[in-house]
Amino acid sequence: MGFSALTKLSSLFIIQQTATHIQTPIMYIYAIIFSPIVEELICRKYLFTKLHKKYNFWIASILSSVLFSIPHWNLVGFLGYVFIGVVWSHYYKKTNNILVPICSHLLFNYFVILFMSLRG
C-alpha cells in the first residue's frame, strides 16, 4: 500500500547517488514486512470484519478488497489485487486468525520481489 508513494518520498530525502544503496533495503522491508501487516489489519481485520457483520461474505470481501486495491495505484493490476484480497478474506474467515492472511501476503510480496529481482 503506497509502495510507489514511499519510493517517491524517500527519493526526495536521499541523495541520488546513495539512493539505491539505502532505498532498496528499505523498500524490501516495507513491502515484505510492514505493508502486509498494516494492510491486513486494516483491510481484513477491521474493514472486512465490519462489513461482514452487515453483508454476506462476497459483498464484504469484494468491498474490502476493492478498498485494498485502490492504494496500490496500479490500474492494470486492479482486478488481480481484488482477487487476491478476496482470497485473503476467505483465509481470514475460515481460520479466524489474522496471521494467516498476513503470512500469505508476506510470502506473496516476497516472491513478487524475488522474481522482479531475478528478472533484472
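Me: What pattern does the chain follow, read along the sequence?
Reply: Happy to start there. This is a predicted model, where local features need pLDDT of at least 70, side-chain atom pairs count only at pLDDT 80 or more, and totals for chains, interfaces and linings use all residues. Residues are numbered from 1 along each chain as its sequence is written, and side-chain values use heavy atoms, leaving out hydrogens and water. With helices (H or I, at least four residues) and strands (E, at least two) taken as DSSP runs numbered from the N terminus, the chain has 5 helices and 0 strands, and the pattern reads α-α-α-α-α.

Me: Are helix 3 and helix 4 parallel, antiparallel, perpendicular or oblique to each other?
Reply: Their axes are lines fitted to C-alpha atoms over the stretch in contact, with angles from 0 to 180 degrees between N-to-C directions. The axes of helix 3 (residues 57–69) and helix 4 (residues 78–95) come within 8 Å and cross at roughly 130°. Angles under 35 degrees count as roughly parallel, over 145 as roughly antiparallel, 65 to 115 as roughly perpendicular and the rest as oblique. The two helices are therefore oblique.

Me: How do the residues of the contact of helix 3 with helix 4 divide?
Reply: Contact means heavy atoms within 4.5 Å. Phe57, Trp58 and Ile62 are among the helix 3 residues that meet helix 4, whose partners include Tyr81, Trp88 and Lys93. Ala, Val, Leu, Ile, Met, Phe, Trp, Tyr, Cys and Pro count as nonpolar, Asp, Glu, Lys and Arg as charged, and the others, Gly among them, as polar. The contact residues divide into 11 nonpolar, 7 polar and 1 charged.

Me: Which side chains meet in a salt bridge?
Reply: Nice one to look at in the structure. A salt bridge is a side-chain nitrogen of Lys or Arg within 4 Å of a carboxyl oxygen of Asp or Glu, and the count comes to 1. The two partners are 4 residues apart in helix 2 (residues 16–54), so about one helical turn separates them. With 2.7 Å from N to O, they are Glu40 and Arg44.

Me: Is Arg44 buried or exposed?
Reply: Buried means under 20% relative accessible area, exposed over 50%, and partly exposed in between (1.4 Å probe, protein chains only). Glu40 is at 0% and so counts as buried. Arg44 has a relative accessible area of 0%, which makes Arg44 buried.

Me: Which residue in the loop between helix 3 and helix 4 has a positive phi?
Reply: The residue is not a glycine, and its phi is near 55°. With a relative accessible area of 62%, the residue is exposed. Its place is in the loop between helix 3 and helix 4, and the name is Trp73.
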